[in-house]
Amino acid sequence: MERAETRSRMMSAAVLLPALLALQGCYEDGEAVNIATGETTARSSDATETLWLEPGSPVAPAAFLSRLSGEEEAALAGLLSRAGGQWREEPRMIANRFAGLWRDNGATLPLSGLITDFLALPRRSGNTLSAEIQSYRVLRDQGEDHRSALARLAQVRHD
């Protein structure tokens, strides 16, 4: 029995090792991948090229989203300012929430369009962006497309 377990573990290792080595090569130090285009570019050593804006980062949320999406920073700054008036989260968290949702949707919409779509939802007091995005994700997981999920969110918020 012990010999069969050892053989099984060795087979698992033989299968997993090449996969792990391949994954390691996907994101070499000094490289960044633009999610929207798939382009690999040189990466600076600061946190601006990460997938999340870290607490205490000196990078402005709009600059972070601009680098991530390739969209104009000034336009994103205006949208984030409006979002800050609509939801209770801090600007860094709003940027992270939209960055995650944008990536989850395969970057198929412009990031600014995604933010604009959420800003068009009716306002409710005590509303958090986290709750809105979670509800949206549930609707998408249930088969709704982007527009239908937003329409259902708007309807629920009015009822």
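**Exercise 1. Contacts along the chain and the overall layout**

Task: Find what share of the contacts between residues at least 6 apart in sequence join residues at least 24 apart, and then describe the order of the elements in the protein.

Solution: Among contacts in this predicted model between residues at least 6 apart in sequence, 54% join residues at least 24 apart. The next step is to list the elements, and here the protein has seven helices and two strands. Read from the N terminus on, these elements follow the order α-β-β-α-α-α-α-α-α. Finally, of the 159 residues in the protein, 34% are buried.

**Exercise 2. Confidence in the model**

Task: Decide which stretch of the protein has a pLDDT below 50, and say how its coordinates should be read.

Solution: Begin with the whole protein, for which the mean pLDDT is 76, while 66% of the residues reach 70 or more. Then look for the weak stretch, which covers residues 10-49, where the pLDDT is below 50. In the model this stretch has 36 contacts beyond near neighbours in sequence. Where pLDDT is low, however, predicted coordinates should not be read in detail.

**Exercise 3. Helix 2 and its surroundings**

Task: Work out how many of the residues of helix 2 are buried, and which helices the buried ones pack against.

Solution: The buried residues of helix 2 are Pro61, Ala62, Ala63, Phe64, Leu65, Ser66, Leu68 and Ser69. Since eight of its nine residues are buried, helix 2 is largely enclosed by the rest of the structure. The partners come next, and the buried residues of helix 2 pack against helix 3, helix 4 and helix 5. Just after helix 2 comes Gly70, which has a positive phi, near 85°.

**Exercise 4. The largest nonpolar core**

Task: Determine which element gives the largest share of the largest nonpolar core, and what one of its central residues, Phe98, is in contact with.

Solution: The largest nonpolar core has 32 residues, and those with the most contacts inside it are Phe64, Leu65, Phe98, Ile115 and Phe118. Two or more residues of this core are given by each of helix 2 (61-69), helix 3 (73-86), helix 4, helix 5 (111-119), helix 6 and helix 7 (146-158). The largest share, six residues, comes from helix 4. Turning to Phe98, and leaving aside neighbours within four places in sequence, we find contacts with Trp87, Leu111, Leu114, Ile115, Phe118, Leu129 and Ile133.

**Exercise 5. The packing of helix 4 and helix 6**

Task: Classify the angle at which helix 4 and helix 6 pack, and describe the residues that make the contact.

Solution: Helix 4 (residues 91-104) and helix 6 (residues 129-141) pack at an angle of about 10°, and their axes are 10 Å apart. Because angles under 35 degrees count as roughly parallel, helix 4 is roughly parallel to helix 6. On the side of helix 4 the contact is made by Ile94, Arg97, Phe98, Gly100, Leu101 and Asp104, and on the side of helix 6 by Leu129, Ser130, Ile133, Tyr136 and Arg137. Sorted by kind, the residues of this contact divide into six nonpolar, two polar and three charged.

**Exercise 6. Four single residues**

Task: For Asn96, Ala107, Leu139 and His146, decide whether each is buried or exposed, and describe where each one lies.

Solution: The cut-off for this step is that buried means under 20% relative accessible area.

- Asn96 is found in helix 4, and at a relative accessible area of 6% it is buried. Although Asn96 and Glu54 are 42 residues apart in sequence, their C-alpha atoms are 8.9 Å apart in space. Beyond neighbours within four places in sequence, Asn96 is in contact with Trp52, Leu53 and Phe64.
- Ala107 lies in the loop between helix 4 and helix 5, and with a relative accessible area of 15% Ala107 is buried. Most residues other than glycine have a negative phi, whereas Ala107 has a positive phi of about 55°.
- Leu139 belongs to helix 6 and is buried, with a relative accessible area of 9%. Not counting residues up to four places away in sequence, Leu139 touches Glu144, Ala149, Arg152 and Leu153. For Leu139 and Arg152, which are 13 residues apart in sequence, the distance from C-alpha to C-alpha is 8.3 Å.
- His146 is found in helix 7 and counts as buried at 10% relative accessibility. Not counting residues up to four places away in sequence, His146 touches Leu109, Leu114, Asp117, Tyr136 and Arg140.

Methods
Residues are numbered from 1 along each chain as its sequence is written. This is a predicted model: local features need pLDDT of at least 70, side-chain atom pairs count only at pLDDT 80 or more; totals for chains, interfaces and linings use all residues. Side-chain values use heavy atoms; hydrogens and water are left out. Axes are lines fitted to C-alpha atoms, for helices over the stretch in contact, and angles run from 0 to 180 degrees between N-to-C directions. Helices (H or I, at least four residues) and strands (E, at least two) are DSSP runs, numbered from the N terminus. Angles under 35 degrees count as roughly parallel, over 145 as roughly antiparallel, 65 to 115 as roughly perpendicular and the rest as oblique. Contact means heavy atoms within 4.5 Å. Ala, Val, Leu, Ile, Met, Phe, Trp, Tyr, Cys and Pro count as nonpolar, Asp, Glu, Lys and Arg as charged, and the others, Gly among them, as polar. A nonpolar core is a set of buried Ala, Val, Leu, Ile, Met, Phe, Trp, Tyr and Cys residues joined through side-chain atoms within 4.5 Å. Buried means under 20% relative accessible area, exposed over 50%, partly exposed in between (1.4 Å probe, protein chains only). pLDDT is the predictor's confidence in each residue, from 0 to 100.
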